Amino acid sequence: MEKALKKMSRRKFLLNDLLRNKLLYVMMLPALAYYIIFHYGPMYGAIIAFKDYSPSNGIWNSEWVGLANFREFFSGFYFWRIFKNTVLISIYALVFGFPAPIILALLINELRSSGFKRIVQSITYMPYFISLIVICGIIKDFTNSGGLINTLFSYFGGDGKTMLQNPDYFRPIYILSEIWQHFGWESIIYLAALSGIDQEQYEAAKIDGAGRWRQMLSVTLPGILPTIMILLILRMGNLLNVGFEKIILLYNPSIYDTADVISSYVYRKGLIEFNWSFSASVGLFNSLINLCLLVAANYISRKTSENSLW
């Protein structure tokens with residue numbers, strides 16, 4: 001009887017909330033429809049990872065092959081190469097790229113001149129709005145045999161050859177260009193979190209004799225820690241989703257040893273070799289790994305810092 005009453009009260013609460021906030025729910029419908037149509041609806045197509053898909057037969061009439069595509073991928077010649085490259089680039093991006101916007105936000109927060117602060121923000125935001133095609137063109141021009149970066153690098157012992165022809169240079173070029181392009185824009189979230197810190201905490205720290213460095217360690221960083229943890233969890237959920245567009249625009253067969261990743265491999269197998277089932281199985285494997293990393297990061301964060309997505 002009590003359970004039935006609780007269910008009725010819950011339904012009554014939901015109905016009242018729906019009637020009271022009906023305009024907000026109506027505003028939510030376009031976003032909800034977008035995710036259902038373009039994100040959740042197409043997920044049924046992941047079944048082709050377990051089939052020998054043929055467009056003429058369609059998804060449901062194609063032959064079921066079970067885990068054959070996954071076994072082919074795991075036993076393939078390129079598995080360890082693309083998996084290692086994906087993991088290494090992802091870890092480098094996390095270690096060097098994730099702290100960059102935090103450091104930039106902390107430095108901007110310490111500036112006292114509002115005019116200089118706006119100039120710094122405008123300069124660091126600018127690369128984010130440049131087309132990826134243009135960014136990759138700039139990188140190629142600057143790193144070719146007569147490019148600016150390569151010319152400067154040759155003064156410090158470089159060989160002077162096109163840097164994107166050398167497998168050892170690809171990862172540093174990719175990571176540094178990613179940081180340069182995104183760290184200014186990503187710092188906006190941390191700057192917003194910094195603006196929400198109670199200024200009385202800084203006054204109390206000053207009274208206790210804390211300098212600016214100590215204030216940053218004792219007040220600023222703890223104040224934005226929840227934001228850092230949430231963004232870190234989201235970053236972990238996309239850890240292996242190395243942007244294939246940029247890699248495809250930059251890499252070439254001479255640097256496949258360090259540049260070829262899971263997403264670029266899926267692109268070649270699916271859209272160039274028309275092996276849709278195999279590429280779908282590789283992409284599904286990548287998504288499952290990301291899901292596991294997201295759940296693990298959320299669990300660890302909830303246990304250690306009490307900040308989590310759910």
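**Exercise 1. Charges over rings**

In this predicted model, the charged end of Arg268 sits over the ring of Tyr256. Find how far the charged end of Arg268 is from the ring centre. Then find which ring Lys246 lies over.

Solution.
- Step 1. Arg268 has its charged end 4.8 Å from the centre of the Tyr256 ring.
- Step 2. Lys246 lies over the face of Tyr174. The distance to that ring centre is 5.2 Å.

**Exercise 2. Classify two aromatic pairs**

Work out which kind of pair Trp80 and Phe83 form. Do this also for Phe274 and Trp276.

Solution.
- Step 1. Count the pairs: there are 27 aromatic pairs.
- Step 2. Take Trp80 and Phe83. Their ring centres are 6.3 Å apart and their planes stand at 80°. An angle over 60 degrees counts as edge-to-face, so Trp80 and Phe83 are an edge-to-face pair.
- Step 3. Place them. Both lie in helix 5, 3 residues apart, about one turn of the helix. Residues three or four places apart in an α-helix point the same way, because there are 3.6 residues a turn.
- Step 4. Check exposure. Trp80 is exposed, because its relative accessibility is 60% and the cut-off is over 50%. Phe83, at 24%, is partly exposed.
- Step 5. Turn to Phe274 and Trp276. Their centres are 5.7 Å apart, with 55° between the planes, and the pair is tilted. Phe274 is exposed at 52%. Trp276 is partly exposed at 30%.
- Step 6. Look wider. Ring pairs link a cluster that includes Phe73, Tyr78, Trp80, Phe83, Tyr265 and Phe285.

**Exercise 3. From helix 6 to the core**

Describe helix 6 and state which helices its buried residues pack against. Then find which residues have the most contacts inside the largest nonpolar core.

Solution.
- Step 1. Helix 6 covers residues 99–110. Its 12 residues reach 17 Å, close to the 16 Å expected.
- Step 2. Among its buried residues are Ile102, Leu104, Ala105 and Leu106. The buried residues pack against helices 5, 7, 10 and 12.
- Step 3. The largest nonpolar core has 24 residues, and Ile102, Leu194 and Ile224 have the most contacts inside it. Helices 6, 7, 10, 11 and 12 each supply at least two of its residues.
- Step 4. Beyond its neighbours within four places in sequence, Leu194 is in contact with Ala105, Leu106, Asn109, Thr220 and Ile224.
- Step 5. A second, separate core has 22 residues, including Tyr169 and Ala259.

**Exercise 4. Gly237**

Is Gly237 buried or exposed?

Solution.
- Step 1. Gly237 is in helix 12.
- Step 2. Its relative accessible area is 14%. Buried means under 20%, so Gly237 is buried.
- Step 3. Beyond neighbours within four places in sequence, Gly237 is in contact with Asn290 and Leu294.

Methods: Residues numbered from 1 in each chain as written. Predicted model: local features only at pLDDT ≥ 70, side-chain atom pairs only at ≥ 80, totals over all residues. Heavy atoms only, no water. Helix = DSSP H or I, 4+ residues; strand = E, 2+ residues; numbered from the N terminus. Expected span 1.5 Å × (residues − 1). Buried < 20%, exposed > 50% of the residue type's maximum accessible area, 1.4 Å probe, protein only. Contact = heavy atoms within 4.5 Å. Core = buried A, V, L, I, M, F, W, Y, C linked by side-chain atoms within 4.5 Å. Phe/Tyr/Trp six-rings, centres within 6.5 Å; stacked < 30°, edge-to-face > 60°. Lys NZ or Arg CZ within 6 Å of the ring centre and 35° of its normal.
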